[in-house]
Amino acid sequence: MVTLAGEATLQSNIRLQQGGSRLWRYGYAVVSVVVAMAPALLLQRFNFSDVELPFFLLAVAITAWYWGVGPAVLSIVLSFLCFDFFFVPPLYSLVFTLPDLPAFVVLILFAILATRFAAVRRKFEKDLREARDRLQMEVDERTKQASLLNLTHDSVFVRDMDLIISYWNRGAEELYGWKAEEAIGKQSQQLLRTVYPVSLEEFRTELLRTGRWDGELRRTTAGGTEIVVASRCSLQRDAQERPVAILETSNDTTERKRREEQIENLNQELARRSVELEAINKELEAFAYSVSHDLRAPLRHVAGYTELLQKQISTIVNEKCSGYMKAILESAKRMGNLIDDLLAFSRIGRAETQKSLVSLEQLLKEALSEVRRDSEGREIAWKIGALPTLYGDRSMLRLVLVNLLSNAVKFTRTRKQAEIEIGSMEGKEAVVFVRDNGVGFDMRYANKLFGVFQRLHQADAFEGTGIGLATVQRIIHRHGGSVWAEGEIEKGATFYFSTPKAEGALWKTQTN
Amino acid sequence: MENANKLGRILLVEDDPKDVELTLTALEEYNLANEVVVTRDGEQALDYLYYRGEYKMRAHESPAVMLLDLKLPKVDGLEVLKQIKSDANLKMIPVVVLTSSREEKDMVASYKLGVNAYVVKPVDFHEFVNAIKELGVFWAVINEPPPGSIRK
């Protein structure tokens, strides 16, 4: 398209150069003859004779030179008529006599010669103009391409086979810090201090063989900073397939390279940590196992031998002694429970969660039947609302409900008519709550509720090991949810837990 | 060894002497204490079953039940269980794991190896005594032991 448009401009340029319209050119022919007449007539008046012809020759020559063949013929005819009429005897008549012939022939020959010269000149002129226009077009085109290359953020530069830089774009200026005028004409190797990943010979061989080379180079900028660039070199060949130049585009990958190295380091660190963690986990497991096995045995012995002792001396022992022994037995039992709860708690942290869709309503029925066994003889008004279906570990979620319900049952013991409400709230997440009208708690200590072995009541007021709510929190955290509580002393408490909704998780499992 | 040539219907494998004493006390109530052969680690238990070492000379009869602790010196309980259940001559002997461990992996491993019962020793002495008594009575009295076992 660019070339076509250029061609059109060239054509119209040539037409303009040829000197306006045809009519004007003939007009100029007439004018030139008239202008030649004036000095000729003036000289005749002062009796200079036989000097008229050169004026007409000049008029014809000028016409032929500037305005072409047609106007030249017109000027010859007009010049001859004027010459014949004004200067050749008989004067003021157009009668053609023999002595006029040489002047007429000279006029015609001169005109032919002038026209011929004019034609040759015009041809040269035309060729010259065309060549100039073509050159101009090429220059325009190149300039446009060069300015396009300047627009890119990548650095682009060209070097010849002796590595002398011949083109240097704005991107290269920005990347390497050298201005185009500083870089062009310099040897690229000296300017950039390039370090190749392969030897320079290998680089050249590859480039000459395939015509291209991709790779990572280390270079030094004008400011002396060492940078890493991703480079692509292409070989330019001339019409005879001889390599003439290397075009190289490159971009700065220093930061990326640095990040890659950083990531690599972090990964190694992570691998090391995870090995450490695994070892710690193993240790912890061994510890839990040991607690489970070894701590229980002496406890059993304490209880067992105290029982045996009680049996042996029951007849002689006094009230005080039997009270002591009862205390020993109670403590042993309590410690047994503590160990069991602690182990259960640690197991939740270690066990793999096996997730499936779990209907909380179904789960609540099971939990209720378990809790009701321990609350026989109590008067409890249960209020049960709609509960969501969650995606989670069934047995763990069951433990959550059992713990929350038995907590509510426990702390409403002092109430004549206990009220326990279980329900849920819809929102971004599914929120389930258990509300009771029990003894409640002081909100100032709400943060202690979910800690291991944390208790807000005196041991003899409400039994318990202080593990239940910690277990609840641990399970809910493992499900990606959260737990919190609201309460007021003597006005009941509400425990909430939230977990991500089942729909999203369900969709996830289907796409997996 | 006092019980090197002793025969009994119950083979108890237990390293803790206090547990041995408490177990025997529990079994006394049903006069089953005399029926108990005690081995103190896994190796000794296997020696007994294979008539090796100090048990070389004992009569060729199998116990009616074996009460096996899991945490034992030398050869541990699971290893003993594995040996018994993979031996064609011994695999019929009923084995009851009697342990302090409530760990699920122990339980699963025991059942996978073919244990006949898994009992966690209760901390509470009454419960412990009841559990041992019931075990003794069931396996040594009520249950028909496999052929080749000692009978009363």
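Begin by selecting Lys383(A) and Glu421(A), since Glu421(A), in strand 9 of chain A, is the bridge partner of Lys383(A). Everything on this tour belongs to a predicted model, and the values quoted along the way are computed from it.

Widen the selection to strand 7 (380–384) of chain A and to strand 9, residues 418–425 of chain A, and the two can be followed as a parallel pair joined over five bridges. These strands belong to an open sheet of five strands in chain A, whose order is 7-9-10-12-11 and whose pairing is mixed. Strand 7 and strand 11 of chain A stand at the edges, and because each has a single partner strand, one side of each is left without a neighbour in the sheet. Looking across the strands, one finds neighbours turned by 15° against each other on average, with direction ignored.

Next, add helix 13 of chain A, residues 394–411, which packs on this sheet and touches strand 7, strand 9, strand 10 (430–436) and strand 12 of chain A. The direction of helix 13 makes about 25° with that of strand 10 of chain A. Helix 14 of chain A, residues 468–478, also packs on the sheet, touching strand 11 and strand 12 of chain A, and its direction makes about 140° with that of strand 11 of chain A.

With both helices still selected, turn to the contact between them. The axes of helix 13 and helix 14 of chain A come within 9 Å and cross at roughly 145°, and the crossing of these two helices is left-handed. From helix 13 of chain A, show Met396(A), Leu399(A), Val400(A), Asn403(A), Leu404(A) and Asn407(A), which meet a group in helix 14 of chain A that includes Leu469(A), Val472(A), Ile475(A) and Ile476(A). The residues of this contact divide into eight nonpolar, four polar and no charged.

Now follow chain A to the loop between strand 11 (482–487) and strand 12 (493–499), where Glu490(A) lies. Glu490(A) has a positive phi of about 65° although it is not a glycine, and it is exposed, with 11 other C-beta atoms within 10 Å.

For a view of a helix with many buried positions, select helix 4 of chain A, residues 69–87, whose 19 residues reach 26 Å from the first C-alpha to the last, close to the 27 Å expected at 1.5 Å a residue. Its buried residues include Leu74(A), Ile76(A), Leu78(A), Phe80(A), Phe83(A) and Phe87(A). The buried residues of this helix pack against helix 2 (22–45), helix 3 (52–67) and helix 5 (101–151) of chain A.

The next stop is the contact between the chains, which takes 15 residues from chain B and 16 residues from chain A. On the side of chain B that touches chain A, the elements giving two or more residues are helix 1 (17–28) and helix 5 (125–142) of chain B, and the largest share, four residues, comes from helix 1. The residues on this side of chain B divide into four nonpolar, three polar and eight charged.

Stay with helix 1 of chain B and pick Pro17(B), which has its place there and counts as exposed, with 11 C-beta neighbours inside 10 Å. The C-alpha atoms of Pro17(B) and Arg40(B) are separated by 8.5 Å, although these residues are 23 residues apart along the chain.

Finish at Tyr51(B), in the loop between helix 2 (42–49) and strand 3 (65–68) of chain B. Tyr51(B) has a positive phi of about 55° without being a glycine, and it is exposed, with 12 other C-beta atoms within 10 Å.

Key
Residues numbered from 1 in each chain as written. Chains lettered and ligands numbered in written order. Predicted model: local features only at pLDDT ≥ 70, side-chain atom pairs only at ≥ 80, totals over all residues. Buried ≥ 20, exposed ≤ 12 C-beta atoms within 10 Å, placed from the backbone. Pairing = 2+ DSSP bridges. Axes fitted to C-alpha atoms, helices over the stretch in contact; angles between N-to-C directions. Contact = placed C-beta atoms within 7 Å. Nonpolar A, V, L, I, M, F, W, Y, C, P; charged D, E, K, R; others polar. Expected span 1.5 Å × (residues − 1). Left-handed = near helix turned anticlockwise from the far one by under 90°.
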